[in-house]
Amino acid sequence: MTTAPSATAEPGQMTHREIMEALTGLLLAMFVAMLSSTVVSNALPAIVTDLQGSQTGYTWVVVATLLTMTATTPIWGKLADLFSKKLLVQVALVIFSIGSVVAAVAPSMSVLIGARAFQGLGVGGLTALVQVVIASMVSPRERGRYSGYIGAVFATATVSGPLLGGLIVDSPMGWRGCFIVGIPIAAIAFVVLQKTLHLPTIKRDVRIDYVGATLIMAGISLILVWVSLAGTNFDWISTTSAALVVGSLVLIGAALWVEAKVATEPVIPLRLFRDRTTTLATAASVMIGVAMFGATVYLSQYFQLARGMSPTEAGLMSVAMVGGLLVSSIVSGRIITRTGLWKRWLVGGMLFVIAGIALLGTIDATTSLWVIGGYMALTGIGLGATMQNLVLSVQNNVAMEDLGAASSVVAMFRSIGGSAGVAALGAVLAHQVTSGVKDGITSLAKAGKISQEQLAAMQHSTGDIPKLADLPAPIRSVYEASFGEAVGHLFLVAAPFAVVAFLCILFIKEVPLRTTNGPTGPTGATAPTVAESEVEAALVVAGEATDYPPFEVEGGDTRKDDRR
């Protein structure tokens with residue numbers, strides 16, 4: 001008796017062909033979620049000008065989506081453990097589409113900001129649910145072979161978003177077209193998922209933890225408002241900052257009490273954090289969010305403001321990092337599927353991230369673009385081997401009934417780290433650029449290269465970076481040099497956070513990947529299914545059972561190989 005991989009699957013499981021068909025709809029949904037953030041980046045100046053908005057409005061067009069997306073991610077994850085996952089993904093697509101339509105026709109900044117917040121509800125659902133659905137379709141051992149597709153979608157959205165946004169803004173559609181472009185893709189994803197995604201829904205009596213969900217959203221929202229607006233709208237050390245921080249801590253403390261003592265179906269089951277892998281992976285996700293989003297988000301500005309590139313050219317420069325991320329995510333995923341070992345990729349990936357970020361900390365306005373591209377590729381290789389596999393380590397270690405909550409917790413904390421990093425490092429960047437420009441302008445005045453009138457005008461500027469092409473050559477050079485040096489400094493600030501993430505990963509215990517999505521035992525190991533037991537018995541009777549030697553994993557635990 002022999003067994004060979006085929007298009008068939010055990011009862012209740014999807015075949016490879018069915019998985020690939022459903023994955024098409026899921027990846028389209030993920031692409032829409034990612035594109036909603038990247039496509040609007042080059043349109044923001046035109047939006048603010050057309051709607052007569054302020055710098056505060058400029059900030060809130062971004063922050064509104066970030067707030068609702070991050071705050072609702074764990075709620076979507078919990079709902080995925082209780083209701084039909086396909087229905088939830090489709091609901092998220094509808095919410096996203098409604099928000100996009102309202103944003104596209106918004107007559108004012110206030111309406112646009114509200115629409116972006118509503119849109120963020122859908123984006124949060126898509127971000128959390130796609131990972132959960134994939135984990136429900138595919139066992140942890142086989143999941144690596146599909147992670148490359150996720151990396152490809154991430155790369156495509158990251159590269160095409162800014163380029164597509166720039167083209168749309170310059171087209172007859174104008175900036176409003178940036179919100180319309182995702183709607184047809186969302187509609188296609190909805191239809192494809194309706195036809196191809198077939199997951200069993202476990203029906204049981206549920207109680208939604210409305211109090212816990214509200215407290216969690218409010219607490220996270222306050223802390224994100226603080227890190228997003230402090231340093232620009234008010235000082236980091238001020239009465240407003242104190243009120244926001246204290247209020248956030250009180251709300252989060254109340255949420256923890258409700259989740260631990262009151263809720264029968266908590267949004268974030270605190271028992272998850274009794275598991276060392278989940279706790280360490282969550283902490284590492286926060287640090288990776290700070291290091292990755294907090295620093296790399298400013299590379300586009302570096303290329304435009306320190307190197308004089310157009311938005312399109314700056315978008316093309318991101319190919320180096322995204323290409324490294326794509327290759328490493330595909331390669332690591334396939335090898336993990338073949339071997340079942342994943343921790344070495346996390347450790348090696350973080351070493352690449354630390355090296356890449358440290359090297360990017362040496363750049364300035366004169367560094368060779370080829371050298372910068374190499375540093376970006378190095379960082380991308382590390383991120384590709386780390387991001388998806390960190391989620392995989394958690395999914396492999398929790399019971400199936402907690403899969404949605406655990407996956408969304410990791411994603412939520414990575415988003416929190418990223419938003420905090422963007423805001424905090426943005427404040428550092430603004431301070432350094434302003435200081436560098438003032439010093440440079442003063443030096444130019446002393447050397448007689450600019451007039452006293454120009455010096456007075458620059459010293460009384462608001463700190464906003466003007467259009468560089470309109471500046472006199474000496475002043476433009478000062479801006480470019482100041483911005484180039486400041487961005488390099490940001491990566492040095494971000495590097496320690498990557499080191500902390502590396503230390504967290506070192507202490508994660510490697511557990512061999514499960515080969516099924518069946519029920520888990522108390523230690524997270526999958527209990528053998530009836531079908532597996534029958535296959536085992538048949539192999540023994542036929543005399544073809546292969547007794548693979550036990551292999552040792554970290555911590556001295558010896559387990560039998562399950563390659564049968």
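Two cavities of 30 Å³ or more lie inside this structure. The model is predicted. This briefing covers the second largest cavity, a nonpolar surface patch and two residue pairs.

**The second largest cavity**

- The volume of the second largest cavity is about 80 Å³.
- Its lining consists of 13 residues. Nearest the centre of this cavity are S36, V39, F96, C178 and F179.
- Four elements each give two or more residues to the lining: α1 (16-38), α4 (85-104), α5 (109-137) and α7 (177-180).
- Helix α1 provides the largest share of this lining, with three residues.
- Sorted by class, the lining of the second largest cavity holds eight nonpolar residues, four polar residues and one charged residue.

**The nonpolar surface patch**

- A nonpolar patch of about 500 Å² lies on the surface.
- Seven names make up the patch: V94, I98, V102, V111, F118, F190 and V191.
- At least two patch residues come from each of α4, α5 and α8 (182-196).
- The largest share of the patch belongs to α4, which supplies three residues.
- Helices α4 and α5 also appear among the elements that give two or more residues to the lining of the second largest cavity.
- F190, one of the patch residues, is found in helix α8.
- Is F190 buried, partly exposed or exposed? The relative accessible area of F190 is 31%, so F190 counts as partly exposed. Patch residues need over 30% relative accessible area.

**V258 and A213**

- V258 sits in helix α10, which covers residues 239-262.
- Why does V258 count as buried? Its relative accessibility is 8%, and buried means under 20%.
- In sequence, V258 and A213 are 45 residues apart. In space, their C-alpha atoms are 9.7 Å apart.

**T264 and D209**

- T264 belongs to the loop between α10 and α11 (276-296).
- Is T264 buried or exposed? T264 counts as exposed because its relative accessibility is 53%, and the cut-off for exposed is over 50%.
- T264 and D209 are separated by 55 residues in sequence. The C-alpha to C-alpha distance between T264 and D209 is 7.7 Å.

Terms used: Residues numbered from 1 in each chain as written. Predicted model: local features only at pLDDT ≥ 70, side-chain atom pairs only at ≥ 80, totals over all residues. Heavy atoms only, no water. 1 Å grid on protein atoms, 1.4 Å probe; cavity = no way out; pocket = protein on both sides within 12 Å on 5 of 7 lines; lining within 4 Å. Points joined across faces, edges and corners; volume = space filled by probe spheres on them. Nonpolar A, V, L, I, M, F, W, Y, C, P; charged D, E, K, R; others polar. Patch = residues over 30% accessible without salt bridge, like charges linked within 9 Å, V, L, I, M, F, W, Y side chains within 5 Å. Areas by Shrake-Rupley, 256 points an atom, 1.4 Å probe, with all protein chains shown as cover. Salt bridge = Lys/Arg side-chain N within 4 Å of Asp/Glu carboxyl O. Buried < 20%, exposed > 50% of the residue type's maximum accessible area, 1.4 Å probe, protein only.
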